[in-house]
Amino acid sequence: GVLSIEAEECLRRLMMQKYDREDFQAFMRLQAAAMAGEIRQESRGEGLSVCVR
């Protein structure tokens, strides 16, 4: 459960473009998981670098 800095940047770029409802819902689930502590953000502390995509 670590979201890498690189993956966060990819998500930021994707969300600045046109996206569909399914993408938005997936992003909201990811955000909820981060808020619940189910995943950690590498940018907020030490973690493994795991790239999404």
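Q: What makes R44 count as exposed?
A: In this predicted model, R44 has a relative accessibility of 66%. Exposed means over 50%. The value of 66% passes that mark, so R44 is called exposed. R44 sits in the segment after β2.

Q: How far apart are R44 and I5 in sequence and in space?
A: They are 39 residues apart in sequence. From C-alpha to C-alpha, R44 and I5 are 9.3 Å apart.

Q: What elements does the chain hold, and in what order do they run?
A: The chain has 2 helices and 2 strands. Read from the N terminus, the order is β-α-α-β.

Q: How much of the chain counts as buried?
A: The chain has 53 residues, and 13% of them count as buried. Its exposed area is about 4,500 Å². Carbon and sulfur atoms supply 54% of that area.

Q: Why is E8 called buried?
A: Its relative accessibility is 9%. Buried means under 20%. E8 falls below that limit, so the label is buried. E8 belongs to helix α1.

Q: What does E8 touch, leaving aside its neighbours within four places in sequence?
A: E8 is in contact with L3, Q41, E42 and S43. With Q41 there is also a polar contact, side chain to side chain, at 3.2 Å.

Q: What makes the E8 and Q41 pair a polar contact?
A: The distance between the side chains is 3.2 Å. The limit for N or O atoms is within 3.5 Å. The pair meets that limit, so it is listed as a polar contact.

Q: How do you know that R12 and E8 form a salt bridge?
A: Their side chains meet at 3.4 Å, N to O. A salt bridge needs a side-chain nitrogen of Lys or Arg within 4 Å of a carboxyl oxygen of Asp or Glu. At 3.4 Å the pair qualifies, so it is called a salt bridge. Side chains of opposite charge can pair when their charged atoms come close.

Q: Why are R12 and E8 about one helical turn apart?
A: R12 and E8 are 4 residues apart in helix α1, which covers residues 5-16. That spacing is why about one helical turn separates them. R12 is partly exposed at 45% relative accessibility, whereas E8 is buried at 9%.

Q: Which other salt bridge does R12 make?
A: R12 also pairs with E9, at 3.7 Å from N to O. R12 and E9 are 3 residues apart in helix α1, so about one helical turn separates them.

Q: What makes E9 partly exposed?
A: E9 has a relative accessible area of 36%. Buried is under 20% and exposed is over 50%. The value of 36% lies in between, so E9 is partly exposed.

Q: What is the salt-bridge partner of R13?
A: R13 pairs with E9, and the closest N and O atoms are 3.7 Å apart. R13 and E9 are 4 residues apart in helix α1, again about one helical turn. R13 is partly exposed, with 42% relative accessible area.

Q: Which residues do the salt bridges join into one network?
A: E8, E9, R12 and R13 are joined, through salt bridges that share partners. The structure holds 3 salt bridges.

Q: How do you know that E42 has no salt bridge?
A: The nearest side chain of opposite charge is R40, 8.3 Å away. The cut-off is within 4 Å. At 8.3 Å the pair fails, so no salt bridge is assigned to E42. E42 is nevertheless buried.

Q: Where is E42, and which backbone nitrogen does its side chain approach?
A: E42 is in the segment after β2, a strand of residues 40-41. A polar atom of its side chain lies 2.8 Å from the backbone nitrogen of I5.

Q: Which residues form the nonpolar surface patch?
A: The patch is made of Y19, F24 and M28. Together they have about 260 Å² of accessible area.

Q: What makes Y19 accessible enough for a patch?
A: Y19 has 35% relative accessibility and counts as partly exposed. A patch residue needs over 30%. At 35%, Y19 passes, so it meets that requirement. Y19 lies in the loop between α1 and α2.

Note on methods. Residues numbered from 1 in each chain as written. Predicted model: local features only at pLDDT ≥ 70, side-chain atom pairs only at ≥ 80, totals over all residues. Heavy atoms only, no water. Buried < 20%, exposed > 50% of the residue type's maximum accessible area, 1.4 Å probe, protein only. Lys, Arg positive; Asp, Glu negative; His and termini not counted. Polar contact = N/O pair within 3.5 Å; in protein donor to acceptor, adjacent residues only side chain to side chain. Patch = residues over 30% accessible without salt bridge, like charges linked within 9 Å, V, L, I, M, F, W, Y side chains within 5 Å. Areas by Shrake-Rupley, 256 points an atom, 1.4 Å probe, with all protein chains shown as cover. Contact = heavy atoms within 4.5 Å.
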